[in-house]
Amino acid sequence: MRQAWRVGDVRAAEKNLMATLPEGALMQRAAAGLARRCALLLEETGGVYGARVLLLVGSGDNGGDTLYAGAALARRGAQVRALLLSPERVHLAGLAALRQAGGFTTRDLPARADLVLDGIVGIGASGGLRPEAAAIVRELPALRRRDGERAVIVAVDVPSGVTVDTGDVPGEAVTADVTVTFGCLKAAHVLGPAAVRCGHVDLVDIGLGPALTGTPAVRVPDAADIAAWWPRPGATSDKYSRGVVGLATGSAFYPGAALLSTAGALAGPSGMVRYAGSAHREVVRAHPSVVVADRVADSGRVQAWVCGSGLGSGDEARTELRSVLATALPVLLDADAINLLVGGEHAEDLRRDAPLVLTPHDGEFKRLAGEAPGADRAGAAARLAAWTNAVVLLKGDRTIVATPSGEIWANPTGSAALATAGSGDVLAGLLGSLLAAGLPPVRAAVAAAYVHGLAGRRAAENGPVTAPDVAAALRPALAGLLT
Ligand SMILES: NC(=O)C1=CN([C@@H]2O[C@H](COP(=O)(O)OP(=O)(O)OC[C@H]3O[C@@H](n4cnc5c(N)ncnc54)[C@H](O)[C@@H]3O)[C@@H](O)[C@H]2O)[C@@H](O)CC1
């Protein structure tokens with residue numbers, strides 16, 4: 001698991017650490033790490049000696065890191081030019097170091113650069129980029145390097161223009177190939193559209209780790225976490241002890257949702273899938289191992305329910321939702337079930353002791369919460385989780401999982417391929433299977449999003465992706481993860 005931290009916590013940790021070190025030591029560590037990464041990138045594209053390096057230098061310490069790293073590259077023979085955005089407020093010692101190493105300042109963006117270091121603004125950013133910086137950032141994609149390819153762009157700490165604590169990108173912002181960050185990850189590296197702007201994130205150890213205390217802003221699972229959490233059958237397992245998941249999904253109008261949620265559930269770890277609903281004939285025809293009934297009340301025992309995908313909005317759907325919520329079992333509500341909650345008539349049913357998981361996309365989130373997730377998606381998900389006392393999985397390129405107590409996870413395996421009709425039904429089934437197998441709801445949500453993302457990526461290797469492709473790719477994705 002990786003952890004990302006809020007700016008306030010990073011600043012506090014830096015302050016504590018700096019009190020134990022000579023002045024400027026942290027910046028020297030940061031700049032040395034940055035220069036090393038940049039040199040490696042230049043070696044991949046023709047070498048450091050003679051390479052053209054452009055520094056975009058803002059007025060704070062982020063610019064200072066950039067100038068010192070530029071100085072190190074100049075000492076290795078690179079032609080380093082610094083474009084100062086606020087010459088009157090530049091980091092003076094950094095500028096002196098650059099000049100002493102043979103680097104220059106420039107007033108204009110050059111036509112050619114092999115490498116660009118974006119040191120306009122780091123964790124001290126407030127608001128969107130100022131117009132002058134924004135104008136420069138707009139020109140960056142046109143810069144060419146010596147082999148005619150696009151210049152490599154390295155963001156120093158964070159890409160300038162992103163909102164560091166939320167991952168929002170309110171306006172113009174740098175799109176980096178690599179982001180070299182210091183001490184720890186920040187939320188922008190793992191959340192929202194900012195995470196996409198970071199490119200590959202490289203973490204330089206400056207000794208900050210032990211000084212970081214409190215709760216991380218965001219946790220990011222890795223493959224080892226998911227493999228460790230994933231329930232596996234043992235020698236004494238049987239189909240019931242592995243958990244039985246019940247699906248109250250689909251309808252005569254939307255039988256496909258029933259099939260897709262079933263396919264998702266069958267790839268999960270539970271030992272049996274029960275389906276309850278009016279698409280039961282289609283389900284059993286496509287998936288002979290599924291035990292079917294035509295309504296929740298007539299279904300046998302299960303250990304968790306999935307309700308919603310394609311359920312419809314009529315009286316029958318309401319009855320099914322009420323039956324599911326009346327159980328003392330973990331329940332996942334998706335799609336139509338979330339929409340049915342909006343009128344408020346199920347508010348009482350939501351006050352349950354057993355776990356509840358909600359899996360909205362932005363539209364469903366807006367209907368339920370009364371407003372769109374907005375710029376702070378993680379904060380919005382956490383507020384909805386606290387309000388509904390549910391684990392909320394907010395779908396997106398970096399799907400967020402939030403708990404009622406404010407724990408936030410960001411999924412790193414997202415794929416644009418998952419933006420396809422029915423892909424959420426597959427996710428709901430898989431997540432329900434994990435709940436039935438006994439995984440705590442937050443882990444079930446995080447693990448399902450992770451594997452669903454892997455499956456989306458795998459499916460995309462064979463061309464355009466539909467939801468059945470995602471379902472079919474779950475098993476190979478799991479095989480790769482669990483073996
Ligand atoms: N504090 C520390 O111990 C360390 C800090 N480091 C570096 O220092 C950075 C933080 O430095 P600062 O606190 O000086 O802050 P920054 O350098 O991130 O930015 C502050 C400056 O940028 C300007 N600014 C703010 N928002 C802007 C916007 N939207 N557009 C254009 N300019 C804007 C402000 O006027 C201010 O002068 C980190 O990101 C990191 O790069 C590293 O050297 C590691 C150690």
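## Two domains

In this predicted model, the chain splits into domain 1, residues 2-219, and domain 2, residues 223-482. Their C-alpha centres sit 40 Å apart.

The two parts do touch: 12 residues of domain 1 make contact with 11 residues of domain 2. On the domain 1 side, the elements that put in two or more residues are α6 (192-197) and β10 (218-220). Of these, α6 is the top contributor to that side, with 3 residues. By residue class, the domain 1 side breaks down into 7 nonpolar, 3 polar and 2 charged.

## What the record says

UniProt, in an unreviewed entry, puts the feature "domain: YjeF C-terminal" at residues 222-481. If you look at that span in the model, it is 45% helix and 13% strand. The C-alpha atoms at its two ends lie 10 Å apart.

## The largest nonpolar core

The largest nonpolar core counts 173 residues. Which of them touch the most other members? That would be Leu 115, Val 154, Val 218, Leu 431, Ala 445 and Val 451. As for secondary structure, helix α16, covering residues 441-460, gives the most to this core, at 12 residues. Both domains take part, too: domain 1 (2-219) and domain 2 (223-482) each supply at least three residues to this core.

Val 451 is a handy place to zoom in, being one of those core residues that touch the most other members. Skip its neighbours within four places in sequence, and Val 451 is still in contact with Ile 226, Leu 430, Leu 474, Ala 477, Leu 478 and Leu 481.

## Around the ligand

Now for the ligand, which has 28 residues around it. The ones that come nearest are Gly 60, Asp 61, Asn 62, Gly 122 and Gly 124.

Which helices feed this shell with at least two residues each? Look at α1 (7-18), α2 (25-44) and α3 (61-75). The biggest share comes from α3, with 4 residues. In terms of chemistry, the shell around the ligand is a mix of 13 nonpolar, 10 polar and 5 charged residues.

## Quick recap

If you only keep a few things in mind, take these. Domain 1 and domain 2 have C-alpha centres 40 Å apart, yet the largest nonpolar core draws at least three residues from each of them. Helix α16 gives the most to that core, while α3 gives the most to the shell around the ligand. Where the domains meet, α6 gives the most to the domain 1 side.

Notes:
Residues are numbered from 1 along each chain as its sequence is written. This is a predicted model: local features need pLDDT of at least 70, side-chain atom pairs count only at pLDDT 80 or more; totals for chains, interfaces and linings use all residues. A residue is near a molecule or strand if its C-beta atom, placed from the backbone, lies within 6 Å of it. Ala, Val, Leu, Ile, Met, Phe, Trp, Tyr, Cys and Pro count as nonpolar, Asp, Glu, Lys and Arg as charged, and the others, Gly among them, as polar. UniProt positions are given in the numbering used here, feature names are shortened, and annotations may be inferred rather than shown by experiment. A nonpolar core is a set of buried Ala, Val, Leu, Ile, Met, Phe, Trp, Tyr and Cys residues joined through C-beta atoms within 7 Å. A residue is buried if 20 or more other C-beta atoms lie within 10 Å of its own, exposed if 12 or fewer, and partly exposed in between; C-beta atoms are placed from the backbone. Domain bounds come from an automatic or database domain assignment. Two residues are in contact if their C-beta atoms, placed from the backbone, lie within 7 Å.
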